[in-house]
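User: I would like a close look at one part of this structure, followed by a connected account of what surrounds that part. Please take the sequence and the model below as the starting point.

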Amino acid sequence: MKIKVNGQAYDIAAQPWRTLLDVLRYDLELTGTKEGCGTGSCGACTVLMDGRAVNACLVFCAEAEGKEIITIEGLAQAGRLHPLQQAFMDEGAVQCGFCTPGVILTAKAFLDQNPRPTEARIREAIAGNLCRCTGYDKIVRAIMSVARIADKGSV
Amino acid sequence: MATVHVRSIAEFEYRAPESLAEALELLGTEARAGKVLAGGTDLVLQMKQGLARPSLVVDVKQIPELNRLTWSEPVGLVIGAAVPLVQVLAFAGLPKTFGILLEACSLIGSMQIRNRGTIGGNLCNGAPSADSAPPLLCLGAEVVLASSKAARAIPLEQFFLAPGKTALAAGELLVEIKVPTPPARSAGRYLRHTTREEMDIAVAGVASFITAAPQPGRLKTARIALGAVAPTPVRAYQAEAALVGQVVTKETIAEAAEIAAGEASPISDVRGSGEYRREMVRVLVRRTLTSVCEELGIDV
């Protein structure tokens, strides 16, 4: 079967019982997407499917056929970092980096739909992305710096 | 979150029928014991845990009859079983009186979960804590079930039988949920208590929905539904009866909350003791009732 990831079509084995996460990491060797829990609770496996943030660990690869999948590897364009990637670096929002691909993609999907969010709405939006290192403040700050923020927030 | 031993999923045949008839034929073959896949946020997890081991998975996401999302005054709100929560939440033009349902749906999981998960799946999973259930019970929802032989509509009250068990017969699937348009001068609230701020399963969930009577301070109808405090989501019928037919005051609300707490039959588990859950019912019934009275300008 075919899936389309970061604008490129790939041929993969038609084994529907494998999750999209497994296929991305093991078949396509796109290891930016991480497995944190396997249960859809931590968000480390977040990818965009037709523009929406989803937990790849709960998607069978067969369900991904015909969809546009974007992983963290697909954010940078022609060597130029996405503003969110740059902001995470500038704000020090990356420590171990394990949650980072997932939360950046969540933030991207959120900002695409909500260009002028409040800080409270940003925190709600990333509720499905757990971070054990940063305490979230710098992550929120990074996202706020990219958004046309509706309030100055208090972070 | 309970310790989950996540393992690889056993092989299965995956089918994605384009028509309801084809889906029902696939599910009607009892020997195959096919499982319905919509958002997958419950099913895929259960398959990883070994709690479900279907040899056939029927993906229903591309079936038109399961993707309706419409509202009109006479018909009410129709939500196809495969419509993701994110789409329900984005439905523009719904009367404010449906707010209680949207309030509950916005609490389910995370953005990632709501982009895939469905109300249909939330109901069919049959968890007593299903957040969409108490509001739908209050709103008088009914569910349309279909098999290859027949279709039937039953009130949601009759849908939940036991934890994880619904009235779906073998070979039946949930097609859609129908919610009548609430009367004017109605208001509803859903509150739940969770251990964490986000992404948790309700310790207790309460939906209260009232319609004001013409006489000041009185209610035409009161509906109270409880989640996570009984084997299934339940209506607190006695508490409802206690509210209607007299002027609503702070005292009658407190009394109704007490009665509702008695109508719960909560278990003690890792999220809370039975006593604590009962207390949360008392608190949340009081809070939701106070909130909806305030919204309708009823002084309590």
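How many nonpolar, polar and charged residues does the lining of the largest cavity have, by class?

Analyst: The model is a predicted one, and the predictor gives the complex an ipTM of 0.95 together with a pTM of 0.96. For chain B the mean pLDDT is 96, with 98% of the residues of that chain at 70 or more.

Sorted by class, the lining of the largest cavity has four nonpolar, four polar and one charged residues. The residues in question are Val54(A), Asn55(A), Leu58(A) and Val59(A) from chain A, and Gly39(B), Thr41(B), Gln112(B), Ile113(B) and Arg116(B) from chain B. Arg116(B) is the charged member of this lining. Strand 4 of chain A and helix 5 of chain B each supply at least two residues of the lining. The space inside the largest cavity is about 40 Å³, and the count of cavities of 30 Å³ or more comes to one.

Strand 4 of chain A and helix 5 of chain B also appear in the lining of an open space, the second largest pocket, where strand 4 (52-55), helix 3 (100-113) and helix 4 (119-125) of chain A, along with helix 3 (85-89) and helix 5 (111-114) of chain B, each supply at least two residues. The volume of this second largest pocket is about 670 Å³. Its lining is made up of 25 residues, and those closest to the centre are Asn114(A), Arg121(A), Val86(B), Met111(B) and Arg114(B). By class, the lining of the second largest pocket has eleven nonpolar, seven polar and seven charged residues.

Beyond these two spaces, each chain has a helix 1 whose buried residues can be listed. In chain A, the buried residues of helix 1 are Leu20(A), Leu21(A), Val23(A) and Leu24(A), and what covers them includes strand 1 (2-5), strand 3 (46-49) and strand 5 (68-70) of that chain. Just after helix 1 of chain A comes Glu29(A), which takes a positive phi of about 55°; most residues other than glycine have a negative phi. On the other flank, the loop between strand 2 (8-11) and helix 1 (20-27) of chain A holds Gln15(A), a residue that is partly exposed because its relative accessible area is 28%, a value between the 20% and 50% cut-offs. From C-alpha to C-alpha, Gln15(A) is 23 Å from Ala44(A), the two being 29 residues apart in sequence.

In chain B, helix 1 (residues 20-28) has Leu20(B), Ala23(B), Leu24(B), Leu26(B) and Leu27(B) as its buried residues. These residues lie on the same side of helix 1 of chain B because the arc that they cover around the axis is only 160°. On the other side of this helix, Ala21(B) and Glu25(B) are exposed. The buried residues of helix 1 of chain B are covered by elements including strand 1 (13-15), strand 2 (35-37), strand 3 (56-59), strand 6 (142-146) and strand 10 (173-179) of chain B. Between helix 1 and strand 2 of chain B, the loop contains Ala33(B), which has a positive phi of about 50° although it is not a glycine.

Strand 10 of chain B leads to another such case, since the loop between strand 10 and strand 11 (186-193) of chain B contains Arg185(B), whose phi is positive at about 60° although it is not a glycine. Arg185(B) counts as partly exposed because its relative accessibility is 46%.

Two further residues of chain B can be set side by side. Thr288(B), found in helix 10 (residues 274-295) of chain B, counts as buried because its relative accessibility is 0%. Leaving aside neighbours within four places in sequence, Thr288(B) is in contact with Arg189(B), Leu191(B), Val206(B) and Ser208(B). Arg271(B) belongs to the loop between helix 9 (250-263) and helix 10 of chain B, and counts as partly exposed because its relative accessibility is 27%. Not counting residues up to four places away in sequence, Arg271(B) touches Thr195(B), Asp200(B), Ile201(B), Ala202(B), Val203(B) and Arg277(B). One of these, Ile201(B), is 70 residues from Arg271(B) along the chain, while the C-alpha atoms of the two are separated by 8.5 Å.

Terms used
Residues numbered from 1 in each chain as written. Chains lettered and ligands numbered in written order. Predicted model: local features only at pLDDT ≥ 70, side-chain atom pairs only at ≥ 80, totals over all residues. Heavy atoms only, no water. Buried < 20%, exposed > 50% of the residue type's maximum accessible area, 1.4 Å probe, protein only. Helix = DSSP H or I, 4+ residues; strand = E, 2+ residues; numbered from the N terminus. Arc of directions from axis to C-beta. Contact = heavy atoms within 4.5 Å. pLDDT = per-residue confidence, 0-100. 1 Å grid on protein atoms, 1.4 Å probe; cavity = no way out; pocket = protein on both sides within 12 Å on 5 of 7 lines; lining within 4 Å. Points joined across faces, edges and corners; volume = space filled by probe spheres on them.
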